[in-house]
Structures are given as C-alpha cells and as structure tokens.
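Colleague: Got a minute to go through this model with me? I'm new to this, so keep it simple.
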Amino acid sequence: MSSHVVAVGPAWTIPGYLEVASGHLTINGADAVSLVREYGSPLFVFSEPRIRSNVERLKLAAQAVERPIRFFYASKANSNMAVLNTVLQTGIDVEVNSGGELFKALRVGFRPNMIIFNGTSKSNEEIDEAVRAGIYAINVDSIYEIGLIEESVRRVAAERSEPVNPARVALRLVPEIGTRSHLGLQTALLTSKFGISSSEVLDAFRRGLQNPDLIHVCGIHIHVGSQTPDVEPFAEAFRRMWEHLLTIHRETGHTLEHINLGGGFPVNYLRDRSQADQLPEHERDMLGANLEPSVVLREALRVARDSARAAAAEHLLDAVTILLEPGRSVIADAGLVLTTVRNIKRRPETGDVWLLTDAGYNLMLSMNNYKWYYHLISATSAGEPHEDSYKVAGPLCDSGDVYFDIERGGRLPDYRFLPNNVQPGEVLALLNSGAYSLAQMFHYNGRPLPAAVMINEKAVAKLIRRRDTYDDLLTNDVW
Ligand SMILES: *Cc1c(COP(=O)(O)O)cnc(C)c1O
C-alpha cells in the first residue's frame, strides 16, 4: 500500500473504538454481530476505554484554567454499577439525584466526601441517608428545604446520642438563562421547577447561616441544562454565581468554598451527518454541537476574572473551587444499542419498506419524548454504503414506537438510511445511546430488559447487566 492511501471509514467511525472490520461494526475490536450471538438481542454495549478517554478530555480541560476543578459524574445519566465503578476508577467524584443513586454510589465505593446530592423533592429518609453518610454537599432546592436538613441533622444526632458534624449544604439557583437545547432539558428558565430564584438568594443564605451547628453553607450551584451547545450560557451562569458569591460575602461576611456549574457539556450526535440535513436547523446545531469543555471553562473564568478585578475581589475568586457535574459527556458516546431486525413489510400504497426491530422506546425513552436522534447503522454490513431508505420501528404495541417523528414535527428523519436489501436477522446499531437510556428503561409490554456488556481495551466483553428472565417480570407483583 502506498503511503498516501489512508483507509477512510464511514463518518461515524472513531479510530480505535468504533470501526469496521470484516464488514462488521467493532467496538474496541469486539465484533458487534458476535456479541449479539453470545449475549442476545437487543444488547447494550459500553466501552471502558471510551469512558476513560471522555473523562481524560474533561481533566485536560481542567488544566486549561488555573482554578482547582472537581468533576462529579451525574449518575442519573447511567448508574449501572460497572459504569459507576469505571468512573470511580478514573478518579472523579459522583453526583446523585435520589436515595437510590446515593445507595449505589456508596455501594460501588465512592467515599462520602466524593458525593453531591441534588433533587427537587427529597424525602426525609433520603436527607437522613445523606446526613448520616456525611456527603460533600446536599444541594438544596428551596428555602423550605433548609429547614428539612436542619431537622434531619437533629434526628441523626438524636439517633446517635451525640452531636454530628453540620451537614454541608449548597444552594441551587435557577439561573434564568435560556439555551438552545430542548425545552424539556432546559432547567434554567423561571418556568423551570428547579432551584431558588435569584431574588431570594440572599434570604436563602441568611436562612442557611442561622444554625451553623446544624448546617454549613459551602457552595452555590446551577445547572443550565443538558446538551447545551454554546459557551455563553455557561459563562453567563458562572458570572452570576460569582456575583452572588460576592454579594453574600459583602452582606454576611460568609465566604463560599465552591461554585458548582452543573453539567450539560454537549455530545456530538451528528458525527455522521448523512441525515443531518433532514433535521430542523436548531435541532441540527444542538445535536451536532462540538463544544470543548476547555473553551467553556476558560471563558467562564475570564468573565468572572473581569468581574472580580472590577470589584477588587480577586482574592475571593482565587479561593473558589469549581465543581462540574458532567453526565452525558462521560457516557453518551461510550455506549450503543444493538438491535435485530425481526420483521419486514412493504406498503404497496406508499412504496415504503418497514423494518421492525427488537429495540423500542422502552430502552431509549428520549427517542420518544424528546425525539432524540441516535444515528442508526447496520452492524452486520457496516462497511456497505448506507443509501437506501427505510421506515424503522420498534416492537412495542404503540404506534408511537417508531424511529421517526410520528407527530410529524419533522424532528427526526422520516426514513433511516441503511444498506441495500436489509433482511430480518440483520443486526443494527443505534450509536451514542449510552446516556439516559439504560437508566430509563422499563418493562412495557412485558418485555424483559436487555443485557449489557462492557468492552475493555483488549476487546474482551464482560457482562455488566444480566438479561431479565420472565420471572423478573413478576418480581414485585403480589397475587
Ligand atoms: C442532569 C443533571 C446533570 C447532568 O447533565 P448532563 O447534560 O448529562 O451533563 C448535572 N447536574 C444536574 C443537577 C442535573 O440535573
């Protein structure tokens, strides 16, 4: 082979990770079709090396700024125990959103001081669990909740008949900043259910500082929303948090230790743009976002630095630790769903060919409720041109279980491009589907939930979730 000949794969390939070998899709060298043969279909496949390199990318971004940065993986994106364990091994921390996620994080080995607990509707039991563990921060979502945490600390002290350390608390704010993401993923608008309004921030802090023996207010938190494609909302949110920190210091003398900028770094779902022009423009910009976390951090710090200089408060900024809560950017493109075509039909009236797969929206809820685009390829014929159009749908007894926008909003392509003459038995792959998929799946239609495997750097697959049996469908029913 002459030296200028470079093997160019399809646009979705990622060298060393997602590739084509002997015509098949391979994941870190593991053959997708063989995986389905061994573990059944549908099947979630995760890449351990990709999770590691996604975290490495974040750590490199942290080196772009001169403030200490701590990453707390948002476990709601995927809280499979092997995924959590891989994240733990990378050395970053974890963010949980429920007592259940807290339980899993502790069980897998995160130490309490590596855990942040968010949530709008925490139960007393959940707060007690966080207080008992003594976690890094409980992010409170309202002024009312501050009182709940104080009561919890009293309860836990009574149960131990000795004083406990004050609970570490951060205040979550609604930053009142719009982004170009889906409305359902935007958490930052005033119509959002999350956080304390900025007009109440000072009151909230005064309230938080009332009983220092019970709670210690250590930080301030925002989350602008998921899949945020632009740098401006992050920078603006950080500037506002910083200015709140300044005000609080001025008004109360209290110095906060950290500013938590939340998650929301986007993932490029349109690495392969062959169907991108069928998406509405704003959807395309959002899904195809290519925003480097280092750019976000640099810009956020630059804006805060200007403000700190103007206020002669650089010493305060120099004391701040920045926390981030990445979920999607750690796990989305490290996972995919393999699904098998089970049925085929023609509609003579429209000329359409329909492929019916075994992966429905019970595995990828976002495809239904946000019309999220997961690029579909043939794993069996990964190297073939994908130029034929098919209607593709899942197995559920619901006409909304389709891979296009049934509401005709045009938010998904009407047809998916696959190779010529796809037949039942062929294995397809929905790429970039590692986040908010496995974590949201459910048993609708009495469908046993699929297995999941993790591939390591030596192409070895390890089972990380057993496929349900029919008996699992009965586990909690009483009759
Ligand atoms: C969902 C969520 C995250 C993670 O968001 P990603 O878009 O997955 O990075 C982080 N923090 C909070 C508070 C969240 O609700």
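Colleague: How do the residues of the shell around the ligand divide into nonpolar, polar and charged?
Modeller: Three are nonpolar, eight polar and four charged. Here Ala, Val, Leu, Ile, Met, Phe, Trp, Tyr, Cys and Pro count as nonpolar, Asp, Glu, Lys and Arg as charged, and the others, Gly among them, as polar. Keep in mind that this is a predicted model, where local features need pLDDT of at least 70 and side-chain atom pairs 80 or more, while totals for chains, interfaces and linings use all residues. Numbering starts from 1 along each chain, and side-chain values use heavy atoms, without hydrogens and water.

Colleague: Which residues around the ligand come nearest?
Modeller: Of the 15 around it (a heavy atom within 4 Å), K76, S226, E325, R328 and Y436 do. A polar side-chain atom of S226 is 2.3 Å from a ligand oxygen; for Y436 that distance is 2.5 Å, and for K76 it is 2.7 Å.

Colleague: And how much of the ligand's accessible area does the protein cover?
Modeller: 96% of the 390 Å² the ligand has on its own (Shrake-Rupley method, 1.4 Å probe).

Colleague: New topic: where are the domains?
Modeller: Domain 1 is 18–47 + 335–474 and domain 2 is 118–326, with bounds from an automatic or database assignment.

Colleague: How many residues are in contact there?
Modeller: 16 of domain 1 with 17 of domain 2, contact being heavy atoms within 4.5 Å.

Colleague: What about salt bridges across that interface?
Modeller: The rule (a Lys or Arg side-chain nitrogen within 4 Å of an Asp or Glu carboxyl oxygen) finds one. E283 forms a salt bridge with R411, with the closest N and O atoms 3.8 Å apart.

How values were computed:
A polar contact is a pair of N or O atoms within 3.5 Å; within protein, one must be able to donate a hydrogen and the other to accept it, and residues adjacent in sequence count only if both atoms are side-chain atoms.
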